[in-house]
Amino acid sequence: AAGAGFDKIIGFDMGGTSTDVALYDGAFQRTLETELAGVRLRAPMLAINTVAAGGGSILSFDGARLRVGPESAGANPGPACYRKGGPLTVTDANLLLGKILPAHFPAIFGPNGDQPLDAEIVRQKFTALAKEVAQATDTDTDQTPERLAEGFLAIANANMAQAIRQISIQKGLNPADFTLVCFGGAGGQHACAVADELGMERVFLHPLAGVLSAYGIGLSDFLVMREQGAEIPFTPEAVGKLTAIEAKLSQEAETALRAQNPGAKVSHAATILLRYAGTDTALPIKFSNFNEMEQTFTEDHQRLFGFASPGRALVADMVLVEATAPGESLTEPAILARALPEPLATSQLVSGGKAHAAPVYNRAALGAGAQISDPAILQEAISTIIVEPGWRAEITAHNHCILHRIAPRENAAIADATKPGPVLLELFANLFMAVAEQAGAVLRNTAQSVNIKE
């Protein structure tokens, strides 16, 4: 993303069972406390938020509301279209709506792994579920399989957008100021819709977006982290003690790093965790002089929690040091400009309740400077990119695909708010739950009472 000129990015990795999101704003975001399967852990780690919404997430109806996940069909039996008797999933909804094209997939499905994706069983299952929904509610008598599939995708997209809000808005950052870096096998089918949920105007897709995690781990830096508790009042006199701790940790981290990567050029970065005396919410502050660290803490506290208490006693909780050695250098050759090729085919793409005739382009055949207006489908060997109505795709000189919002978003219209359908019920239930979770997060971070925090 930096090579494409973007330094404020939100990573959106949608795979088969879950979606992982993370934020980069000049530095990787880290967290000192996280909750996994109901267990709270205190350990420094990358701040990656995961939601159970992936291509294999199971679609269901509980009699009142539509549900997406958290259960997954996995790889076996997989989605219904895999021909192994699997349930309806997000992948099946994309197939029904024309966002996945069986003709452009290899014939590796079925019991013997030699058949194409099964579009017919997907339509049969969605037709049966649409009848079930219509019978259970008196508001959806005109329910169609396509409308039902779009409803499921709207719920999945809202869940993924909420995961991004937790790492951006909850941290005092506006996602509209960032570029959505989309990857994972299913990410390209949802990129525009998720960006629209968050008011984001730009999406970045690498040519290896479908396998970007594998590509990225090969390019990653080597890093060793060391930490040590301090628990001392943060005063000008304390900076000397903290500097001594930082020097010791830097030496330990560099020694450990050189043991696995001899001869590497090592750089260091030090962070101090500061908190108000009497609280336990510490903020990571870049190590520098006393006045600069105190001012940065006040500004960050104000941005995160809406208030600050200048003059209140501070405590230095912990010192963290990172030693980093560069990994492989990134080389991306330029591609030539060429005329826009003829589409491979024209496919029916359902979006916003309307059917569109969408040209299908071979992503590998597009040259630098190519621009493709909405709606369209870019077919890759490892993924599929959907250019939704109101968006435009542009190929850069380094073969990056940038999606831009080119038309104002349409406001959502609710036909009859007194009789919400199963989609609207689920969307609003999730929105109300998100409000409660956000309120709880702020209360836990700002409260001094242990009882209130728990």
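1. Helix α4 is mostly covered, with nine of its 12 residues buried. The buried set consists of G187, G188, Q189, H190, A191, C192, V194, A195 and L198. Do keep in mind while reading that this is a predicted model. The helix covers residues 187-198 and reaches 15 Å from its first C-alpha to its last, close to the 16 Å expected at 1.5 Å a residue. Right after α4 comes G199, and its phi is positive, near 75 degrees.

2. Now for α3, residues 145-167. From first C-alpha to last, this helix of 23 residues reaches 34 Å, which is close to the 33 Å expected at 1.5 Å a residue. How many of the 23 residues of α3 are buried? The count is 18, so α3 is largely enclosed by the rest of the structure.

3. Two peptide bonds to proline deserve a look. G69 and P70 are joined by a cis peptide bond, with omega at about 0 degrees; P70 belongs to strand β7, residues 66-72. The bond from N76 to P77 is cis as well, and its omega is near 15 degrees. P77 isn't in a strand: you'll find P77 in the loop between β7 and α1, the latter being residues 90-96.

4. While you're in that part of the chain, check R83. It's a residue other than glycine, yet its phi is positive, near 65 degrees. R83 is placed in the loop between β7 and α1. Is R83 buried or partly exposed? Its relative accessibility is 26%, and because buried would require a value under 20%, R83 counts as partly exposed.

5. N399 also goes on the backbone list. Its phi is positive too, near 70 degrees, and again this is a residue other than glycine. Where does N399 sit? Look in the loop between β19 (391-395) and β20 (401-405).

6. On to the side chains and the rings. Searching the whole structure turns up seven aromatic pairs. If you go through them one by one, note that a pair of aromatic rings is described by the distance of the centres and the angle of the planes. There is also a charge over a ring to look at: K8 lies over the face of F178, at 4.6 Å from the ring centre.

7. My short list for a second look at the backbone: the cis bond between G69 and P70, the cis bond from N76 to P77, and the positive phi values of R83 and N399.

Definitions and conventions: Residues are numbered from 1 along each chain as its sequence is written. This is a predicted model: local features need pLDDT of at least 70, side-chain atom pairs count only at pLDDT 80 or more; totals for chains, interfaces and linings use all residues. Side-chain values use heavy atoms; hydrogens and water are left out. Rings of Phe, Tyr and Trp (its six-membered ring) pair if their centres lie within 6.5 Å; planes under 30 degrees apart count as stacked, over 60 as edge-to-face and the rest as tilted. A charge sits over a ring if NZ of Lys or CZ of Arg is within 6 Å of the ring centre and within 35 degrees of the ring normal. Helices (H or I, at least four residues) and strands (E, at least two) are DSSP runs, numbered from the N terminus. The expected span of a helix is 1.5 Å times one less than its number of residues. Buried means under 20% relative accessible area, exposed over 50%, partly exposed in between (1.4 Å probe, protein chains only).
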